[in-house]
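Hello,

Here is the structure I promised to pass on. My notes on it follow below, with the cut-offs spelled out along the way.

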Amino acid sequence: MMILKRNKPIAISAAVLLFAATLIISALSPKPSQSTAAPQTAAAASKEPAYAQAPDGMRGVWVTYMELSMESESDKSEAAFRKKFEKITASCQSFGFNTMIVQTRPFCDALYNSKLFPASHILSGAQGESPGYDALKIMCEICHSHEMKLHAWLNPYRVTASKTPSKLSESNPYMKDKSLGIVTDSGIILDPSNKKARKLITDGVREIVSNYPVDGIQYDDYFYPADIENADSTRYSEYINSAGTQGAMTLEQWRTANVNLLMAETYIAVHQSSRSAVFGISPQGNLGNNAQLCADVVSWCGKQGYADYICPQIYFSPGNPRLGFEKALSDWTELSYADNVRLYVGLAGYKAGTDADEGTWQNSDTILSDEYNILNKNNKVSGFMLYSCQSLNDEAAKNEINNLKKAVNQSESTPSQ
């Protein structure tokens, strides 16, 4: 949550909106009649929860927009996309995954039929140009036919990154209203402090959850960019002028409050639109780095109403001299978690067989399986996700992936004590 000094004027724009979000979240919680029980007690007493909760036993795999891309394919037809995604799904199922986290809105665009965002360039080759089919509908159909769940992975703020896409469609929301965005050296993002931008993002979430049988929505670790510097100084000055200098949040607190607002509003949007979908966030694995991005992971974990699950990307080998896997995991498991918030852990399949983490991945081919076994013995961890599905067919990662598969299969076949 944002930090406000007591007995001083409330910083209106962020504080009031977040308070309103809290009230709506409370309204979503089931309450027995004639009872004044606390929300968690009421939820426990209810026979039927008001909304879905993230499950234990998550075995997820991320599917990136690069892996879905049809840009370089000579055949960009619906049949070709179906064949491509069927192959990806079959590979994930054969490994033993039960959930695919599929990148669905990477650049303020859409891999689905949207009234808010232009068609993504990764299917047709040009943003705004329809591929002639609804990719998300197809992905849900194929994924569910393999008895796997699908979480739609969204980059909520990102418009461009490192000059990708090379050209934005005139129908892109940012191109239609430049006030929605912030430009930095690394790219363009939707302004987290802009109420219209937040509404666009959450309306986009409602559009997906209302129209597609997705099992979840996930945001990844792109919040305020590291090179934001003074790019939002005008917006912050406007906030100071409206709030008054006494009791106003610092720049860092204000930015953090803006991100918290979107997380709470997204949580509301998901659960108001679906009784079965969940909302998750996948922040950076180095716990300390998140504050630099204004990502209040401590509140997201410990307070109800931000997320159903948190999946930090702990992409480190145990022997990484800068930050080892077990130390990073310990930092996350020592946090407090609300009763309805699950902790999953992201594992680095993409590093297997490479010289990453100062060469430590080349010292063993059981790093992923060892890390999985560590997670499996930790009662605070409810599952894992692997980045990404490409590593399943990477020759350099073959031994690591096979050993991880054996470890997963062995744990699944071993009766719990």
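A residue counts as buried under 20% relative accessible area, as exposed over 50%, and as partly exposed in between (1.4 Å probe, protein chains only). This is a predicted model, in which local features need pLDDT of at least 70 and side-chain atom pairs count only at pLDDT 80 or more, while totals for chains, interfaces and linings use all residues. Residues are numbered from 1 along each chain as its sequence is written, and side-chain values use heavy atoms, leaving out hydrogens and water.

Let me start with the aromatic rings. Rings of Phe, Tyr and Trp (its six-membered ring) pair if their centres lie within 6.5 Å; planes under 30 degrees apart are stacked, over 60 edge-to-face, and the rest tilted. That rule gives 18 aromatic pairs. In one of them, W62 and Y315 meet edge-to-face, 6.4 Å centre to centre with 90° between the planes. Y315 is buried at 8% relative accessibility, and W62 is buried too, at 2%. Together with Y350 and Y387, W62 and Y315 make up one aromatic cluster.

Next, a charged residue. E207 is buried but has no salt bridge (a side-chain nitrogen of Lys or Arg within 4 Å of a carboxyl oxygen of Asp or Glu). Its nearest side chain of opposite charge (Lys and Arg positive, Asp and Glu negative; His and the chain ends not counted) is R105, 6.0 Å away. A polar atom of the E207 side chain does lie 2.8 Å from the backbone nitrogen of K115.

Best wishes

Technical notes
A polar contact is a pair of N or O atoms within 3.5 Å; within protein, one must be able to donate a hydrogen and the other to accept it, and residues adjacent in sequence count only if both atoms are side-chain atoms.
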